[in-house]
Amino acid sequence: MDRLWKRLWSSKVPENVQWQWKDKADLSFINSQMDVALIRICLDRIKSEPTDPAILRALLDYQDIALQPYKTHAIIAEIEFMEQYVSLFSQISDVDLSIVWTKKIEYPTLSVPRFILLPLVQNALWQGYHAAKKYPMKIKVSVFEKIISLDVINHVNHHIVDQKDHAIMENYQARLQYEFHDQHTLIMNSNAHTFRSNLILRF
């Protein structure tokens, strides 16, 4: 029934719109796989601190996983990659990051498209404000047999008008539409202190 519904739903979407989603979905995948801004900062740090191999080692480990050729993997591998990304970002950050992880993984072998969760974490790290220790970044991920929930909260960066208004999020939302159609929900909102993204993926 799910497959039939997807075919019926997809048939109502104009072909040119589906191709626009695909193009932006591909950009989202590539930006997660090869975060140019992150790599550039890592390389600058490596050049400025040639006697400290820690960042070079972390970058090589990160890229070794990121450049694997497969398109899907188990959700536990996706979460581990997100943790590795956050760890690498923390090493090159100018401020001490406070990250609170909450994980409830009941179905670790659930197969998912690679980097399907990472953009929400990228958006929080690059667009959020992290110098205030009283507002740690919070990442909560829950995995069940048919549902994945990801909740990401970060302190608002008041130099940015709207954290949703960014190429990372525009391309990511197109990828969600292309990969999951109506089988996903993404809600983003903010108040005076925090920005929150909540994603539900249904399988």
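So, which hand does the crossing of helix 3 and helix 5 have? It's left-handed. Before I go on, remember that we're looking at a predicted model.

Let me stay with that pair for a moment. Helix 3, residues 36–48, packs against helix 5 at an angle of about 45°, and their axes are 10 Å apart. That makes helix 3 oblique to helix 5. On the helix 3 side you've got Leu38, Ile41, Cys42 and Arg45, and they meet Tyr85, Leu88, Phe89, Gln91 and Ile92 in helix 5. By class, that contact splits into 7 nonpolar residues, 1 polar and 1 charged.

Okay, next neighbour. Helix 4 covers residues 54–66 and helix 5 covers 75–92; their axes come within 10 Å and cross at roughly 155°. Anything over 145 counts as roughly antiparallel, so that's what helix 4 is relative to helix 5. The hand here is left as well: the crossing of helix 4 and helix 5 is left-handed.

As for who touches whom, helix 4 brings Ala54, Ile55, Ala58, Leu59, Asp61, Tyr62, Ile65 and Ala66, while helix 5 answers with Phe81, Gln84, Tyr85, Leu88, Gln91 and Ile92. In that contact there are 11 nonpolar, 2 polar and 1 charged residues. If you're following along on the structure, look at Tyr85 and Leu88: they show up in the contact with helix 4, and they show up in the one with helix 3 too.

Now, the sheet. It's an open one, with 5 strands in the order 2-4-5-7-6 and mixed pairing. At the edges sit strand 2, 99–105, and strand 6, 184–190, each of them pairing on one side only. Neighbouring strands are turned against each other by 5° on average, ignoring direction.

Take one pair from the middle of that order. Strand 4, residues 137–143, and strand 5, residues 147–155, run antiparallel and are joined by 6 bridges. One to find on screen: Lys138 has Ile153 in strand 5 as its bridge partner.

How do the helices sit on all this? Helix 5 again: it lies across strand 2, strand 4 and strand 5, at about 175° to strand 2. Then helix 7, residues 167–180, packs on the sheet too, touching strand 6 and strand 7, which is 194–202, and its direction makes about 160° with that of strand 6.

Last bit, confidence. Mean pLDDT for the chain is 90, with 92% of residues at 70 or more. Residues 1–11 are below 50, though, and beyond near neighbours in sequence that stretch has 9 contacts in the model.

Notes. Residues are numbered from 1 along each chain as its sequence is written. This is a predicted model: local features need pLDDT of at least 70, side-chain atom pairs count only at pLDDT 80 or more; totals for chains, interfaces and linings use all residues. Side-chain values use heavy atoms; hydrogens and water are left out. Axes are lines fitted to C-alpha atoms, for helices over the stretch in contact, and angles run from 0 to 180 degrees between N-to-C directions. Helices (H or I, at least four residues) and strands (E, at least two) are DSSP runs, numbered from the N terminus. Angles under 35 degrees count as roughly parallel, over 145 as roughly antiparallel, 65 to 115 as roughly perpendicular and the rest as oblique. A crossing is left-handed if the near helix is turned anticlockwise from the far one by less than a right angle, and right-handed if clockwise. Contact means heavy atoms within 4.5 Å. Ala, Val, Leu, Ile, Met, Phe, Trp, Tyr, Cys and Pro count as nonpolar, Asp, Glu, Lys and Arg as charged, and the others, Gly among them, as polar. Two strands pair if DSSP finds at least two bridges between them. pLDDT is the predictor's confidence in each residue, from 0 to 100.
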